[in-house]
Amino acid sequence: MKKKAKKLLVLVCLGGVGYLFAKLIKTDFCKERLFKILGEDTYLAIEDKVYLLGDLLMWPIDFVRALLP
């Protein structure tokens, strides 16, 4: 039981850190800095992949929301 609780706690912590990192990256200041560092093509390619990953992770939630009245 303790192993499951520890795994759940680690997953929650990683999810929280990932969420905060995503919020930081979405700020205009960080977007401008990444755009300058990576260049236009690389930045836009990474941004497209991140949005695709977000869509893939959210499709089950969106599917259930569509079924609810």
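Let me begin with a term: a residue is called buried when its relative accessible area is under 20%, exposed when that area is over 50%, and partly exposed in between. With that in hand, please look at helix α1 in this model, which is a predicted one. Helix α1 is hardly covered, since the count of buried residues among its 24 residues is zero. One residue that you can pick out there is L11, which sits in helix α1 and is exposed, because its relative accessible area of 60% is over the 50% cut-off.

Staying with helix α1 for a moment, how far apart are its end C-alpha atoms? They are 34 Å apart, and this agrees with the span of 34 Å that should follow for residues 2-25 at 1.5 Å a residue. To relate this helix to another part of the chain, take L11 again together with F63: these two are 52 residues apart along the chain, and their C-alpha atoms are separated by 24 Å.

F63 brings me to the aromatic side chains. A search of the whole structure finds two aromatic pairs. One of them is formed by F35 and Y43, in an edge-to-face arrangement with 5.6 Å centre to centre and 80° between the planes. The partners differ in their cover, because F35 counts as partly exposed at 36% relative accessibility, whereas Y43 is buried with a relative accessible area of 12%. The other pair is W59 with F63, which is also edge-to-face, at 6.4 Å centre to centre and with 65° between the planes. Why are W59 and F63 separated by about one helical turn? They are four residues apart in helix α3, which covers residues 40-67, and so about one turn of that helix lies between them. As for their cover, W59 is exposed, with a relative accessible area of 51%, while F63 counts as partly exposed at 48%.

In the same helix α3 you will also find L56, which is exposed, with a relative accessible area of 52%. L56 and A66 are ten residues apart in sequence, and from C-alpha to C-alpha they are 16 Å apart in space.

Let me turn to the cysteines. How many disulfides are counted? The count comes to zero, where a disulfide would need a pair of cysteine sulfur atoms within 2.5 Å. As to their surroundings, C13 is partly exposed, with a relative accessible area of 44%, and C30 is buried, with a relative accessible area of 17%.

Now to the pockets, where a general remark may help. Rolling a probe the size of a water molecule over the atoms shows where empty space is left. The largest pocket here has a volume of about 630 Å³. It is lined by 19 residues, and those closest to its centre are A22, I25, K26, V50 and Y51. Two or more residues of the lining come from each of α1, α2 (28-38) and α3, and of these α3 gives the most, with nine residues. Sorted by class, the lining of the largest pocket has twelve nonpolar, five charged and two polar residues.

Finally, a word on α2, with K36 as the example. Is K36 buried or exposed? K36, which lies in helix α2, counts as exposed, at 70% relative accessibility. If you want to place K36 against I25, which is among the residues closest to the centre of the largest pocket, the two are eleven residues apart along the chain, and their C-alpha atoms are separated by 14 Å.

Conventions: Residues are numbered from 1 along each chain as its sequence is written. Side-chain values use heavy atoms; hydrogens and water are left out. Buried means under 20% relative accessible area, exposed over 50%, partly exposed in between (1.4 Å probe, protein chains only). Rings of Phe, Tyr and Trp (its six-membered ring) pair if their centres lie within 6.5 Å; planes under 30 degrees apart count as stacked, over 60 as edge-to-face and the rest as tilted. The expected span of a helix is 1.5 Å times one less than its number of residues. On a 1 Å grid over the protein atoms alone, a cavity is a set of points where a 1.4 Å probe fits but cannot get out, and a pocket is an open set with protein on both sides within 12 Å along at least five of seven lines; lining residues have an atom within 4 Å of a point. Grid points are joined across faces, edges and corners, and a volume is the space filled by probe spheres set on the points. Ala, Val, Leu, Ile, Met, Phe, Trp, Tyr, Cys and Pro count as nonpolar, Asp, Glu, Lys and Arg as charged, and the others, Gly among them, as polar.
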